[in-house]
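This report describes the nonpolar cores, the salt bridges and one buried acidic residue of the structure shown below.

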Amino acid sequence: MHDTDGTHTRRFGLPTATALVMGNIIGGGIFLLPASVAPFGTVSLLAFGVLTIGAIALALVFGRLAKRHPRTGGPYVYAREAFGDFAGFLSAWSFWTMTWVSNAALAVAGVGYMHVMTGKGSMAGDLAMALAMLWLPALANLAGTRWVGAVQMISTVMKFVPLLFVAVIGLFFFDPDNLGSFTTADGDWTGGLTASAAILLYSYVGVESAAMSAGEVRDPERNVGRASVLGTIGAALVYLLGTVSVFGTVRHDKLVESTAPFSDAVDVMFGGHWGGMLIAACAVISIVGALNGWTLMSAQAPYAAAKDGLFPAAFGKKKRGVPTFGVLAAAVLATGLTVVNYTSGVGGVFEILVLITTFSATVPYLLAAAAQVYFLLTGQRDKVRTGRFVRDMALALGAFAFSFWLVAGAGYAAVYQGVLFLFAGILVYVWLTARRPVAEAGAPAAATEEAQEAPEKAAVRP
């Protein structure tokens, strides 16, 4: 592949694309999940299973869509091809805002885990650590896709192996008496299932990572779908096995009050109090790896939209396979939020913005699933065997239902505030479309890319 500056770059293979999906799904939240869902009983394990099925359906839909449109931008590309510029813009805008706000939240969470190893420091020291967590992954991204892939592979292995070790070894210390009841005291298992699912829902945000970077994936028609499914299944195994092991090793009454459930599980298994240090180190590695992948994701959606004139043109230029302006813009915006969080003393402002991301993440999912339904129903059914059509439609509807459940689980406040933030982007859309020549409006993305590549192809033609 060739970048905007004409240089040659290396594409991701299947292992790196799978690591990107796993690394983006598994952030720092896994280290608190068992304690978060323990109050609802072991019915939360059932919720894990239901959510995993929905996430895999969404991953399969992304794989089908990538075969149809194997270009960088993923959900944005699918929404625009199916429903036009405005839907594409809403998808790109939602995804973009979600990524850089989430990056700031991840960095702040990483500092909390650093305190376990170093002790609580000054505000200036905490801010410096948070900014380092933001900018080190950004620098790796600016160095090119080769470095992004290397960091993602290393960080995924370094966090996956210890977590899987605890999950597997914990099964040998499993005591059913530690599990607690199946449901809460009122005995309403459906309520417990829904409540625990609402907490677990966003553990699977990141399933779109391979589709979002399809232009940087080798043989995307095949590898995007495979990476999406393999990465989702791998993350689900870590989540489920880890939660089961912690449930079975830590007494339920202690687990409900725990602030470091994996650390408590290690202490039960091997004695002493070194588990906290080990798990904190794993959490920091996990967060840095997630930041590395999400920094790339924060640049991919605006890159694809900029190519179609739906984001400022600066977002549409690449160097060494990476949209450098998008990486810098996300890092700067996340830095601003982080500084506000540490200096203003008004935690509510930051929490509101983070709450908005929970809704913003679902908008591209809903539009992508709806796009697949649209493609299947409009002029494509005659090209697909009946059995395959039924299967693909069932997957698309399942992915849409899963995404809709994500919206419902976000809560009224998140949906209300998220919609306001989403509608704020309409002014940006109006400004950008007003500046575009009339002839370019609504031009297919593929045609735009072919027109841009034509001079380069002509220059190298013998």
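Arg 251 is partly exposed in this predicted model, because its relative accessible area of 49% falls short of the limit of over 50% that defines an exposed residue. Its side chain forms a salt bridge with Asp 253, with 3.3 Å between the closest N and O atoms. This pair belongs to a set of six salt bridges found in a search of the whole structure. Three of the pairs are listed here.

| Basic residue | Acidic residue | Closest N to O distance |
|---|---|---|
| Arg 251 | Asp 253 | 3.3 Å |
| Arg 64 | Asp 392 | 3.0 Å |
| Arg 80 | Asp 85 | 2.7 Å |

The pair of Arg 64 and Asp 392 joins two helices: Arg 64 belongs to helix α3 (residues 43-68) and Asp 392 to helix α17 (residues 386-410), so the salt bridge ties together parts that are 328 residues apart in sequence. Arg 64 has a relative accessible area of 21% and is therefore partly exposed, the limit for a buried residue being under 20%. Asp 392, at 7%, is buried. Both residues also take part in a network of salt bridges that includes Arg 391. In the salt bridge between Arg 80 and Asp 85, both partners are buried.

The largest nonpolar core contains 118 residues. Those that touch the most other members are Ile 26, Phe 31, Phe 62, Tyr 78, Tyr 239, Trp 294 and Phe 311. Helix α5 (residues 85-118) supplies the largest share of this core, with 15 residues. A further core lies apart from it and has six residues, including Leu 142, Ala 299, Val 327 and Ala 331.

Beyond its neighbours within four places in sequence, Trp 294 is in contact with Asn 24, Phe 95, Met 98, Thr 99, Asn 103, Leu 106, Val 205, Gly 206 and Glu 208.

Is Glu 208, one of these contacts of Trp 294, buried or exposed? Its relative accessibility is 0%, and it therefore counts as buried. Glu 208 is placed in the loop between α8 (189-200) and α9 (209-212). Which residues surround Glu 208, leaving aside neighbours within four places in sequence? Glu 208 is in contact with Phe 62, Pro 75, Phe 95, Trp 294 and Tyr 365. Among these, Tyr 365 also shares a polar contact of 2.3 Å with Glu 208, side chain to side chain. Phe 62 and Trp 294, both in contact with Glu 208, are also among the core residues that touch the most other members.

Methods: Residues are numbered from 1 along each chain as its sequence is written. This is a predicted model: local features need pLDDT of at least 70, side-chain atom pairs count only at pLDDT 80 or more; totals for chains, interfaces and linings use all residues. Side-chain values use heavy atoms; hydrogens and water are left out. A nonpolar core is a set of buried Ala, Val, Leu, Ile, Met, Phe, Trp, Tyr and Cys residues joined through side-chain atoms within 4.5 Å. Buried means under 20% relative accessible area, exposed over 50%, partly exposed in between (1.4 Å probe, protein chains only). Helices (H or I, at least four residues) and strands (E, at least two) are DSSP runs, numbered from the N terminus. Contact means heavy atoms within 4.5 Å. A salt bridge is a side-chain nitrogen of Lys or Arg within 4 Å of a carboxyl oxygen of Asp or Glu. A polar contact is a pair of N or O atoms within 3.5 Å; within protein, one must be able to donate a hydrogen and the other to accept it, and residues adjacent in sequence count only if both atoms are side-chain atoms.
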